[in-house]
Structures are given as C-alpha cells and as structure tokens.
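Me: I have a model open and would like to understand the words used for it. Could you take me through the reasoning?

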Amino acid sequence: MFSSTANRPRPRLFWFWQRGQSLPGAPPYAGSHGSKHLFAAAFLAHLRPRLLSPMTSLASKNSPTTTAWFLRAPSMRLQRGFALAAVISNALIAVTGAVVRVTGSGLGCPTWPECHPGSLVPVQRSQQSALHQAIEFGNRTLTGVVLIASLGTLVLLWRARPQRRSVVKIALLLPLGVLFQALWGGLTVLTGLVWWTVAPHMLVSLVIVFVATWIYQRLGEGDGPVRYTVPKPLVTLVWATCAVLLALSVMGTLVTAAGPHAGDEKTARLDLPVPMLAQIHADLMFLYLGLLIALGVGLLAVSASPALRRRLWWLVGITMSQGLIGIVQYLTGVPEILVVFHVGGATLLVAAAGRLAFGTRARAAALGEHPAQDPARRSQAGSANTQAVKQSA
Ligand code: HEM
C-alpha cells in the first residue's frame, strides 16, 4: 500500500545525495555515509561564493564606492569622529561621576561588578533608594559608551590605510585607561569610597581626556618631523602651564577629599582644613592664569598664527569661568549643582589645554607618506605643494 520512500525521486536540489553515489569529482570511497559530509561541504561551497561575493569581489576592486563599508579603510572623518567621541564620552563620565558623588549615590550599587549581590542591575527590595541606585547604575552603564568610543578609535586607527603606528600606539592608551577606570571604580566601591581611591579616579579621567584630545590633534597632522610654529621658550611655557594645570587638578581633588561631598554620608574624609586646601587650589589657579596671560603676550610678540591665539583666548575664557564657579561654590557652601559644573569645567579646560599644547607644532606628511584618504587632507597637501611651487618660483 505504502510505496517505499527509497524509490521516490529525489528533489533536484539534492541531486548528488544518492545512496551509494559520490559527488562529481569526489573520491570513489565517499559512499552513502561520506556523502552526508560531502553534502554539507558542497552546500557550503555552493553558498560561499554567494555570501562572500559582495565582500571579495567588491574588495578586490578596492574602490570606495563599491567596497562593502566594513571592509573599507575607515575615512579620516570617521577616525576623527571617534576620537572626538572619546574626548566627549570620557569628559561626560567624569561629570556623571560628580553627580554620583554630590547626590550621595556612591553606594547605590554597593557591590562590584554586580550592582547587588546576585544581581547585575538595581533591585527594588534593596535598602538603597531607587534614585541612588539609578544614578550609580547609570554611571556604570556609561562605561559601555566610553569603551565603544575608546576601543572604536583604536580599531579604526589600526584599520586605517596607510596605518599610522605612532598614532595607534597612543590610541592603545584609551581602552587601557577605560579598563583601568572600570577596575579602579570597583575598588572605589569596595573600599567604601575612601578619598584616596576617588581622587585618582577623577585625575585619570582628566588624563584620558587629554590623551583623546592628543589623538584628535594627531589625526589632523602628518607623521613628518615635529616643527614648532613658535619659538622654543614659548613651547616650554605652554608645557609649564600644563604642569601647573595638573597640580591645580590634584589640589582640587584634595579639596574634594576634605569637603562635604564624599558620595556616602558614612565615608571618612581627608583630615585637613578645607580653607587651607582651597586657598592653595585657588592660588594655583591664579598662577595658571598669570602664565596663560604671559603666554598670550608672547604669542602676540612673535605674531603666532591667529588659530593658535584663538585657542589660547578660549583657554583663558574657560579658566576664568571655572575660577568664578570655584569661588562662588566655595563661598556658598559647595552647592551640588556648582560642583557638577566645576567638574565639567575641569574636563573642558583639560581638552582646551591639550588643543593649545599640541597646536604649537606642525607635522607635515612623512617622506613617502600618502596624504590621508579624505579629500580635506588631499586638498591641504595640494595647497601646500602649490605654495611651495610659488615660493620656489
Ligand atoms: C582653573 C581653575 C580650576 C580648576 C581646573 C579646578 C579643578 C578642580 C578639580 C579637578 C576639582 C576636583 C573635583 C573632584 O574631585 O570631583 C576641584 C574641586 C574643587 N574646587 Fe576647583 N578648580 C579651579 C578653580 C577653583 C577655584 C578658584 C576655587 C575657589 C576656591 C575652587 C574651588 C573648589 C572646591 C571648593 C572644590 C571641591 C568641590 C567638592 O567638594 O566637590 N576651584 N576643582
């Protein structure tokens, strides 16, 4: 009654799957058993050209308009976009860290890496308020964004053609810095937000912002020898201002360490008088401002480029605003909102200081280096060549 399935004609797709038959070109010993594996192999062989053809055939043409986007060497615009995202996201996480601190949410998630024992996310039954948990958890979640921007910058620079090894090496610092911060953040929570863990956490964020700014700047220049656009003493003065900014920031974290915003009410504070620490902090700011003004006079005297002078005046403006916020917050009992602005101002200032410091030099394309893939740099290189031709004429 029932016809045997063995005798049914096989569908055309499986034409080679015949009992006891081998694939065309297959060794004769590939019988019924082996043919199953061969089926898989042949099926993959059948699919592979179709799956890979958009990648391989287009990649082989190596044309930016036809190559699949993920196989193309990233454009300079994309690389710079990611570097900028790294600057912004690292600055942002420092600001949200300050929000955690001033709202007393530091132990909203009392464990690490989990938020609560047994839970990666906030839980309702916890002793911590929902708001504190949300703020601390939000800050932890932002680490993902920072990591994407930082690791993304490294990957893009690594994939860029031609690859610029010196910039890739600097970019390696970004994900390493973020990893360090994630681990150090855990230590901060596990030690109950003790000040000597909180202060370096803030300072390392500022350093990462500086490094990301450096990468952004490096992507706008070539790999040729460094040529300073202002006399050496002014370059030294610029780096001296950076050193004072570092001391000023370290001192700021000590004011915080002794101040009222620990991140949790039970946390022990640095046992030093706040007025004394704040005085040293403010004195360093006046020193910083004085050096910037001296630098401004120097840049005017040597007729530095308007672009460089603009960077300096921006820095002076940000410093004065930051100082004003600092003084007001000190005189008004350190209100939470001003602390957040003060931390935001510090990150902005560090980025602006980096722009100024790296703006004192120019690096042409190295010998044998192609202009970067993007039209902006090609035209820059073109106009530089035209100028050179004009000068030689
Ligand atoms: C260029 C100027 C300034 C910069 C770059 C700067 C930077 C900083 C930094 C990085 C912190 C540590 C923030 C933290 O650990 O979360 C801080 C804290 C602080 N700064 Fe400044 N600061 C400047 C000017 C001033 C001035 C002029 C004052 C006036 C006294 C001041 C008052 C304070 C106070 C009171 C704190 C502690 C805030 C807290 O308890 O959280 N700052 N500052």
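Here are a few questions about the ligand shell and two helix pairs, with answers.

Me: Before we start, what kind of model is this?

Reply: Happy to help! This is a predicted model.

Me: Why are helix 9 and helix 10 called roughly antiparallel?

Reply: Their axes cross at roughly 160°, and angles over 145 degrees count as roughly antiparallel. Helix 9 and helix 10 therefore earn that name. Their axes come within 9 Å, and the crossing is left-handed.

Me: What makes up the contact of helix 9 with helix 10, by class?

Reply: The residues divide into 15 nonpolar, seven polar and two charged. Among those meeting are Leu315 and Ile318 in helix 9, and Leu349 and Ala352 in helix 10. Arg311 of helix 9 and Arg355 of helix 10 are also in the contact, and Arg counts as charged.

Me: How do you know which hand the crossing of helix 6 and helix 7 has, and what is the angle?

Reply: Helix 6 and helix 7 pack at about 145°, with their axes 9 Å apart, and their crossing is right-handed. The contact includes Met202 and Leu206 of helix 6 and Val250 and Leu254 of helix 7. By class, that contact has nine nonpolar, two polar and no charged residues.

Me: Which helix gives the most to the shell around the ligand?

Reply: Helix 9, with seven residues. Helix 7, helix 8, helix 9 and helix 10 each supply at least two. In total, 28 residues surround the ligand, and Gly252, Thr256, Gly259, Gly326 and Tyr330 are the closest.

Me: What classes make up that shell around the ligand?

Reply: It has 15 nonpolar, 13 polar and no charged residues. Gly counts as polar here, so Gly252 and Gly326 fall in that class.

Key
Residues numbered from 1 in each chain as written. Predicted model: local features only at pLDDT ≥ 70, side-chain atom pairs only at ≥ 80, totals over all residues. Near = placed C-beta within 6 Å. Helix = DSSP H or I, 4+ residues; strand = E, 2+ residues; numbered from the N terminus. Axes fitted to C-alpha atoms, helices over the stretch in contact; angles between N-to-C directions. Parallel < 35°, antiparallel > 145°, perpendicular 65-115°, else oblique. Left-handed = near helix turned anticlockwise from the far one by under 90°. Contact = placed C-beta atoms within 7 Å.
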